[in-house]
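Me: I would like to learn how to read a few features of a protein model, one step at a time. Could you take me through them with care?

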Amino acid sequence: MSEIQYTDINKSFEAALERSKKIEADIKVNPKKYRVLTGDRPTGRLHIGHYFGSLQNRVKLAEMGIPTMILIADYQVLTDHDAWDQISQNTKQLVIDYLAAGINPEKQDVIIYPHSYVPECNQLMIPFLTLVSNAELSRNPTVKEEIESAGLKNVNAGMYTYPVHQACDILFCKGNIVPVGKDQLPHLEMTRTIASRFNNKFCQGKDPVFPEPQALLAKTPMILGLDGGQKMSKSRNNAVMLCWDEDETAKAIKKAKTDADRNITYDPVNRPEVANLLMLISLCTGEEPADIAARIGEGGGGMLKNTLTEALNEKLRPLRTERKRLEADPAYIQKVLLDGAAKAREIGVKTLDEVREVMNMKI
């Protein structure tokens, strides 16, 4: 089998973007033609970067009637995080954030489930591993970046096989679109390659078992933390958490980094810290960042931060109210997870039956 060419993948971003635009247009006409696979690892509570970067889009897709699988990738926490003792609590907090943001499994075609409760998905791991080489796993640029960012000295095998595990997550439910950022394209290319190799090897003369999923590329630019220099992250202490109250939000934003120029302008290249805060206001209000800057003018960093605080607290007020209600009902959160796991297993059983059939393993 020919090796995956990751260099070519990075150069093909524009092609992936064009395909993503066509899918977006078709989704509006044929929502049931697609199945979305998305999700998070339960490594901690979500912040506004997650909200603007993915949660809002998930709600939009679900409201359009697109079948959506939301995976809580609890097994994958074990690859690079020493936080196994908090996985259960973090999983429940993720569900609370999903529901509070507008995901509604009772009214929408949405399934929320933890990975560890769907063994049928994990049974795909062995045949999928036979379809990729060690060299392809070790060269994956996304894995390399994650190893570096996690500061891992001893890299466990789970980290190298993470992209194959992700392929199991996507393909067990026959997901055909995956919302991702540019940096996740190598992972998705691995999934597409595995689907293609499986179909070519085992489905000769038969209908293919797996689709080759396409990327639905994120429109929201990367949201920097309040320090203005790095991606927003709880571990970097530069985030605004969804679970915070309005006073905690205000306190954090007061510490946000700006610059010495009192005249507020939108200049992402030369004034990234100020531009990032303006962009956050824009995401809350729908105004253009440059118009917000013009309105603040000589008001300086203080007025900029106050404007962001008011806009963010106003935007998140309904979500936070709903969060409090959901936190008081742990039985419902557990029900959402168990119901979701049961539905995901039904899908997994059917897929695994097809896999056994084409691999001549049926008894």
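**Reading the contacts**

Reply: Let us begin with a charged pair, keeping in mind that this is a predicted model: Glu 273 forms a salt bridge with Lys 257, and their closest N and O atoms are 3.8 Å apart.

Me: What is the general idea behind such a pair, and which parts of the chain do Glu 273 and Lys 257 link?

Reply: Side chains of opposite charge can pair when their charged atoms come close. Here the pair links distant parts of the chain, with Glu 273 in helix α14 (residues 272-285) and Lys 257, 16 residues apart from it, in the loop between α13 (246-254) and α14. Counted by the rule of a side-chain nitrogen within 4 Å of a carboxyl oxygen, the model has 20 salt bridges.

Me: How should I read the way helix α5 and helix α17 cross?

Reply: The angle between two helix axes tells you how the helices are oriented, and angles from 65 to 115 degrees count as roughly perpendicular. The axes of α5 (residues 87-101) and α17 (residues 330-358) come within 10 Å and cross at roughly 90°, which means that α5 is roughly perpendicular to α17.

Me: Which residues meet there, and how do they divide into nonpolar, polar and charged?

Reply: From α5 come Thr 91, Lys 92, Val 95, Ile 96 and Leu 99, which meet Tyr 332, Ile 333, Val 336 and Leu 337 of α17. The residues of this contact divide into 7 nonpolar, 1 polar and 1 charged.

How values were computed: Residues numbered from 1 in each chain as written. Predicted model: local features only at pLDDT ≥ 70, side-chain atom pairs only at ≥ 80, totals over all residues. Heavy atoms only, no water. Axes fitted to C-alpha atoms, helices over the stretch in contact; angles between N-to-C directions. Helix = DSSP H or I, 4+ residues; strand = E, 2+ residues; numbered from the N terminus. Parallel < 35°, antiparallel > 145°, perpendicular 65-115°, else oblique. Contact = heavy atoms within 4.5 Å. Nonpolar A, V, L, I, M, F, W, Y, C, P; charged D, E, K, R; others polar.
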